[in-house]
Amino acid sequence: WMKTVFMSFSSQSPRRASRKNTHCTLHVEVLEERAVPATLRLAVMGDSLSASYAGHLGRSADQSWTQQLQQLHPHQVQIFNEAVSGATSADVLATQAGAVRALVAAGSVDYATLIVGANDLATEFNADLPILLGGNPTLFAQTFVQHFTTSVLSNIENTVAIISSGGHVDLAIGNIPDVTITPAYATTTPAAILSVFTAAERSAN
């Protein structure tokens, strides 16, 4: 355990007391007492940004941030990784949220992270594509940004509600990354579509 204390000194002003009568009094005030766990117990939710790369993504030596964290602190970190490559915010709500809630309820984790939303772009694009093919790019852009923002935020809020119902846990939620700057999007997607994607990401963030 760790205890933080505040120590202060008070003295009479020289103008109000002679040097002979000046005195200092030591005050000790307990500000905080906090239990520090020996092991960081972390539940992870999301997509390929957090999922293990082993057997799925990148070269054999590549590692996700969760794998690197575990490798750097093998004795201080315990990670329960529920993240799945390709997952959308709806997938997290449907499967990962319940799994993490169970961990929280069992007292198995103290912290949780959630980074999701990038894969929702493709889902929303397929849903709104008929509008674009119908020759109305303005309506497509408006509909895409609105629906994307509403669905992602709703799924994340409901995910948080489910996890919180299991008990206390400190939760960190990451912003949706700008996938439009990645080669997979930048080299294959028209600029007009990329600008809509960027607007949607900024709106949701």
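1. Accessible area here comes from the Shrake-Rupley method with a 1.4 Å probe. By that method the chain exposes about 12,400 Å². Carbon and sulfur atoms supply 56% of that area. Keep in mind that this is a predicted model.

2. Overall make-up. The chain has 205 residues, and buried residues make up 29% of them. There are six helices and six strands. Read along the sequence, the order is β-β-β-α-β-α-β-α-α-β-α-α. Take the contacts in the chain with a separation of 6 or more: residues 24 or more positions apart account for 69% of these.

3. The salt bridge. How many salt bridges does the chain have? The count comes to one. The partners are Arg 41 and Asp 110, whose side chains meet at 2.9 Å, N to O. Arg 41 lies in strand β3 (residues 40–46). Asp 110 sits in the loop between α2 (89–105) and β5 (111–115). The pair therefore ties together parts that are 69 residues apart in sequence. As background, side chains of opposite charge can pair when their charged atoms come close. Is Arg 41 buried or partly exposed? Arg 41 is partly exposed, at 23% relative accessibility. Asp 110 also counts as partly exposed, at 24%.

4. A buried acid without a bridge. Glu 201 deserves a look. Glu 201 lies in helix α6 (residues 191–204). This residue is buried yet has no salt bridge. Why no bridge? The cut-off is a side-chain nitrogen of Lys or Arg within 4 Å of a carboxyl oxygen of Asp or Glu. The nearest side chain of opposite charge, Arg 202, is 6.7 Å away from Glu 201.

5. What surrounds Glu 201. Which backbone atom lies 3.3 Å from a polar atom of the Glu 201 side chain? It is the backbone nitrogen of Val 179. Val 179 is also among the residues in contact with Glu 201, leaving aside neighbours within four places in sequence. The others on that list are Leu 121, Phe 148, Ile 176, Pro 177, Asp 178 and Thr 180.

6. Aromatic residues. The count comes to six aromatic pairs. One is Phe 140 with Phe 144, a tilted pair: 5.8 Å centre to centre, with 50 degrees between the planes. Both residues lie in helix α4 (residues 137–164). They are four residues apart, about one turn of the helix. Phe 140 is buried, with a relative accessible area of 2%. Phe 144 is buried as well, at 0% relative accessibility.

7. The aromatic cluster. Phe 140 and Phe 144 belong to one aromatic cluster, together with Phe 125, Phe 148, Tyr 185 and Phe 197. Phe 148 links this point to the earlier one on Glu 201: Phe 148 is in the cluster, and Phe 148 is also in contact with Glu 201.

8. Ile 156, further along α4. Ile 156 lies in helix α4. Is Ile 156 buried or exposed? Ile 156 counts as buried, at 13% relative accessibility. Not counting residues up to four places away in sequence, Ile 156 touches Leu 114, Val 116 and Ile 173. Leu 114 falls in β5 (111–115). The C-alpha atoms of Ile 156 and Ala 97 are separated by 9.5 Å, although these residues are 59 apart along the chain. Ala 97 falls in α2 (89–105).

How values were computed: Residues numbered from 1 in each chain as written. Predicted model: local features only at pLDDT ≥ 70, side-chain atom pairs only at ≥ 80, totals over all residues. Heavy atoms only, no water. Helix = DSSP H or I, 4+ residues; strand = E, 2+ residues; numbered from the N terminus. Buried < 20%, exposed > 50% of the residue type's maximum accessible area, 1.4 Å probe, protein only. Lys, Arg positive; Asp, Glu negative; His and termini not counted. Polar contact = N/O pair within 3.5 Å; in protein donor to acceptor, adjacent residues only side chain to side chain. Contact = heavy atoms within 4.5 Å. Phe/Tyr/Trp six-rings, centres within 6.5 Å; stacked < 30°, edge-to-face > 60°.
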